[in-house]
Amino acid sequence: LRYKGNIWQQVLQIAFLLEMINTVPFVIGIFDHPLQNLFIPVFLNCWLAKRALESMVNDFHRAIHRTQSAMFNQLLILISTIICLIFTFICGVEHLQRAGKKLSVFDSFYFCIVTFSTVGFGDVLPDIWPSKLLVVIMICVALIVLPIQFEELAYLWMERQKSGGDYSKQRTETERHVVLCVSSVKIDLLMDFLNEFYAHPRLQEYYVIILCPAEQDAAVRRVLRIPMWSHRVIYLQGSALKDQDLVRAKLDNAEACFILTCRCEEDRNAADYQTILRAWAVKDFAPSCTLFVQILKAENKFHVKFADHIVCEEEFKYAMLALNCICPATSTFITLLVHTSQGLEGQHSPEDWHRIYGKCSGNEVYSIVLKESIFFSEYEGNSFTYASFNAYNKYGICLIGVCPDDTKKNILLNPGPEHIMKPLDVCFYISLTKEENSCFKRGCKNSPKTQPPTSSAITSMGTVAIDLQELSIPSSLGPSLSAETNISETRKPNMVPVLELPDSPSFQTANMFKTLDNGYPPDLPYIGSSPILCHLRKKKTPKCCMQLEKTCNHKDEEDVKAYSLKNKLIIVSAETTRNGLYNFILPLRASYRSENELCPIVLLLEHEPEAEFLETVCWFPMIYYLHGSIDSLDDLLRCGVSFAASMVVVDKESTMSAEEDYMADAKTIINVQTLFRLLSGLNIITELTHPANMRFMQFSAKDCHSLAFSKLEKKEREKGSNLSFIFRLPFAAGRVFSIGMLDTLLYQCFVKDYMITITRLLLGLESTPKSGFLCSMSITEEELCIETYGRLYEMLSSTVGDIPIGIYRTESQMLEPPETPLSQMSDKVSVFEEGKDPEEQDEAIPCELPDIQTHSLRRRSMQWASNLLGPWHAERDADRLSQQRGVLLSCSERLELTELVKKRMKNLGLSTHGFGEMNITMKSFQNELGYRMNNNQSSHSYALINPSPDTKLELNDIV
């Protein structure tokens with residue numbers, strides 16, 4: 001009577017009808033005695049009990065504030081529905097069969113199960129029509145109700161699988177886990193994280209919880225079903241900004257939380273903003289959780305300063321691009337150091353350099369306290385350089401830095417001989433394996449030396465360079481270093497090469513250096529940039545003077561023409577003047593670099609630079625810009641690319657997002673390939689978004705040397721190596737890298753919390769008093785008398801206090817030489833091109849040709865000889881003729897492109913002196929072709945990290 005609403009809706013409910021069926025006959029039987037024996041189907045009350053149970057469970061969940069109960073509720077409904085169906089069937093059949101062949105309760109239960117399971121043995125049957133009608137009704141009800149319940153349960157199960165469920169609190173009591181927060185999970189990112197994280201033995205029992213708002217794609221789902229990952233990786237669909245999702249991931253019990261940024265977003269600031277909010281949410285929810293954050297833009301870094309470890313992609317990218325210009329293969333060196341590897345790559349290759357390069361790639365940076373170390377404890381009280389050389393000479397490891405016991409925080413790279421080793425000093429060294437896992441045991445002082453390999457830069461002293469005549473080595477350093485004092489007398493005091501500066505009047509060395517001073521940049525481009533002592537102008541450059549080919553009140557027309565910047569020029573092609581460009585300039589203008597090493601820097605910008613950026617860089621010497629595009633040959637020539645030492649191509653942000661992820665690098669790759677074809681001698685350095693695209697850099701479809709390396713990379717990938725890309729020639733030579741490779745730097749910090757600091761010190765992004773820096777020296781004929789890398793290590797450490805950490809080597813790859821003699825080359829080319837006239841060949845090759853009649857007779861005689869020998873001879877020479885034609889076309893194409901560039905330079909009024917002097921005679925042209933065909937040389941460069949002491953030094957090695 002108190003029901004408010006539609007009365008018919010209440011009357012027609014199944015629960016009301018069941019109550020009426022059970023209640024009305026009972027009430028009538030009370031007042032009408034003849035109807036007291038009327039049967040009342042009391043067993044139907046089980047459906048009312050089912051409804052009451054569901055209401056009780058819902059009320060219970062509301063009381064305990066439990067929200068994640070949909071799956072439990074649906075399962076409870078399904079089970080109670082099945083029980084009610086079976087109970088109703090059993091009781092109904094048993095009652096109705098009392099009028100026919102009586103069935104016991106067990107027989108009714110047996111008949112029910114056989115019927116619902118669709119088996120139907122037929123040994124128990126209803127023999128009256130009411131029982132048969134009840135069976136039909138119950139089967140229809142089961143066919144309608146049960147599929148609906150199962151569908152609801154399956155839907156909830158699938159949704160639960162998508163969201164990943166929960167990580168139970170009971171598991172956190174016995175297991176350890178880390179949380180990975182990302183906006184979207186790509187297969188490359190996931191595999192890099194898992195391979196690097198689980199490469200460390202102590203992390204094998206850890207679980208990885210992936211918290212991502214996006215649903216798993218097919219590739220990620222397949223990977224997570226692999227047995228190696230399925231029991232260790234749990235995917236949760238959720239947001240780090242929701243506390244309930246963080247509770248599901250049990251973040252407050254996690255060992256660490258990694259927050260990564262999606263670098264494929266076109267708006268990288270927006271991607272950083274999402275990362276910042278995630279970091280704030282995590283820190284608010286679990287303040288004690290160790291936080292690892294990846295940021296793309298340098299100006300956004302200060303928002304997450306509270307994080308324990310931060311990697312700013314823009315800072316590291318531009319610093320590596322800059323150091324690649326003065327210390328070759330710095331990007332390769334850093335990338336290999338931050339990847340965990342056993343050094344097994346390339347060990348089955350027939351090439352010697354593959355094996356040593358692959359073994360050297362296994363070197364990593366480790367740390368140990370001096371008094372606990374077998375390697376360094378015996379050098380307590382000695383100088384740093386003495387300990388570094390003797391540890392290298394005895395154990396094959398390279399001591400590169402130390403954290404003094406009195407600071408506990410500041411890491412010093414090569415503090416020099418002034419630093420005396422103390423028991424509580426933390427030593428940082430490069431080795432194939434850490435000391436705890438090595439074969440050296442305490443008491444085994446005469447253990448055999450390891451043979452670790454190395455690569456290409458020197459950790460030079462952070463203080464003033466030591467002059468050989470003023471160097472005095474204490475007697476406490478022992479006989480090893482004292483013996484080197486005699487050698488040092490015959491060695492040049494300055495082993496760092498003096499770089500040539502432009503010879504134009506605008507860049508005379510004396511006038512330039514008189515206006516320089518050392519100091520900190522007065523205008524920092526963004527909050528959080530590290531202050532580094534740099535070479536600065538005493539008076540800032542007027543902004544008008546920084547723009548090339550524009551006259552102003554400070555220079556006349558003659559001076560503008562002198563802006564050619566012919567020698568040692570570094571050109572940077574970028575889309576806009578991002579703050580990251582400041583980190584490109586910073587390592588190249590640091591005060592610890594000699595003034596003679598300062599190279600002019602030209603920024604080729606597609607958009608006009610911002611006034612704030614120019615205000616920041618105008619204090620640095622020799623910084624210029626030109627408004628233009630890398631797509632325009634005229635703009636490249638105007639900024640001096642034909643005379644540049646290095647060309648740096650920065651990946652454009654506007655092209656980083658594409659429908660197909662790997663196409664994000666397409667424009668950068670094509671631009672670099674165009675530069676490579678036009679200016680083959682130019683050192684082009686670039687950065688790509690995806691490591692897999694490095695195989696397209698300086699691509700040549702007919703280069704059998706590169707194809708062989710491609711096959712080697714595929715074999716290494718099939719063996720499960722995560723460093724298969726290291727054998728790509730552009731990467732090995734340090735001309736290309738992917739910033740995605742540095743993701744492992746953040747992952748590695750979970751085990752080695754010092755890696756980010758050491759990497760920043762190596763790249764010059766930070767400076768610590770008395771700490772060293774990266775520089776390089778070239779091995780000339782005068783240094784070849786040192787013979788081995790070990791002796792060079794001893795000489796550098798005992799004289800100038802430098803610590804070599806690797807070699808950058810360029811070799812000529814000798815392929816299988818053809819059997820064709822040089823004297824037959826021109827004839828065979830003529831046979832191959834028998835459809836051409838001598839005049840056409842004259843037009844194709846702008847060189848002095850021999851007499852046409854003699855050439856024609858020789859061609860006819862070779863045709864006759866070829867026909868006489870038959871098809872066997874033709875097949876035998878097919879490969880050789882193809883190679884010869886390829887070399888001929890390559891040289892012809894090079895001549896054509898050189899002429900094209902020279903014409904454009906003349907049209908622009910630029911001098912072509914010293915560029916493309918290709919006026920060669922036919923004899924010299926044949927000599928060049930014959931040399932290339934008979935020797936078939938293809939040079940390649942690679943970096944060796946910490947090579948063995950007996951490694952032979954070669955001419956033009958860069959240490």
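Buried means under 20% relative accessible area. Keep that cut-off handy for this predicted model.

**Exercise 1.** Work out whether Met622 is buried or exposed, and say what stands out in its backbone.

*Solution.* Start with the place: Met622 sits in the loop between helix 21 (611-617) and strand 16 (623-627). Next, take its relative accessible area, which is 4%. The cut-off for buried is under 20%, so Met622 is buried. Last, look at the backbone: phi of Met622 is near 55°, a positive value, and the residue isn't a glycine. Most residues other than glycine have a negative phi.

**Exercise 2.** Do the same for Ala329: where is it, and is it buried or exposed?

*Solution.* Ala329 belongs to the loop between helix 13 (313-326) and helix 14 (330-337). Its relative accessible area is 1%, so Ala329 is buried. Here too there's a positive phi, about 65°, in a residue that is not a glycine.

**Exercise 3.** Classify the ring pair of Tyr789 and Tyr793.

*Solution.* The structure holds 31 aromatic pairs. For Tyr789 and Tyr793, first check the ring centres: they are 6.4 Å apart, and a pair needs them within 6.5 Å. Then check the planes: they stand at 80°, and over 60 degrees counts as edge-to-face, so that's what this pair is. Both residues lie in helix 28 (residues 789-799), 4 residues apart, or about one turn of the helix. Tyr789 and Tyr793 are both buried.

**Exercise 4.** Find which residue lies over the face of Tyr198.

*Solution.* Begin with the cluster linked by ring pairs, which includes Tyr198, Tyr206 and Trp229. Then look over the face of Tyr198: Arg232 lies there, at 4.0 Å from the ring centre.

Conventions
Residues are numbered from 1 along each chain as its sequence is written. This is a predicted model: local features need pLDDT of at least 70, side-chain atom pairs count only at pLDDT 80 or more; totals for chains, interfaces and linings use all residues. Side-chain values use heavy atoms; hydrogens and water are left out. Helices (H or I, at least four residues) and strands (E, at least two) are DSSP runs, numbered from the N terminus. Buried means under 20% relative accessible area, exposed over 50%, partly exposed in between (1.4 Å probe, protein chains only). Rings of Phe, Tyr and Trp (its six-membered ring) pair if their centres lie within 6.5 Å; planes under 30 degrees apart count as stacked, over 60 as edge-to-face and the rest as tilted. A charge sits over a ring if NZ of Lys or CZ of Arg is within 6 Å of the ring centre and within 35 degrees of the ring normal.
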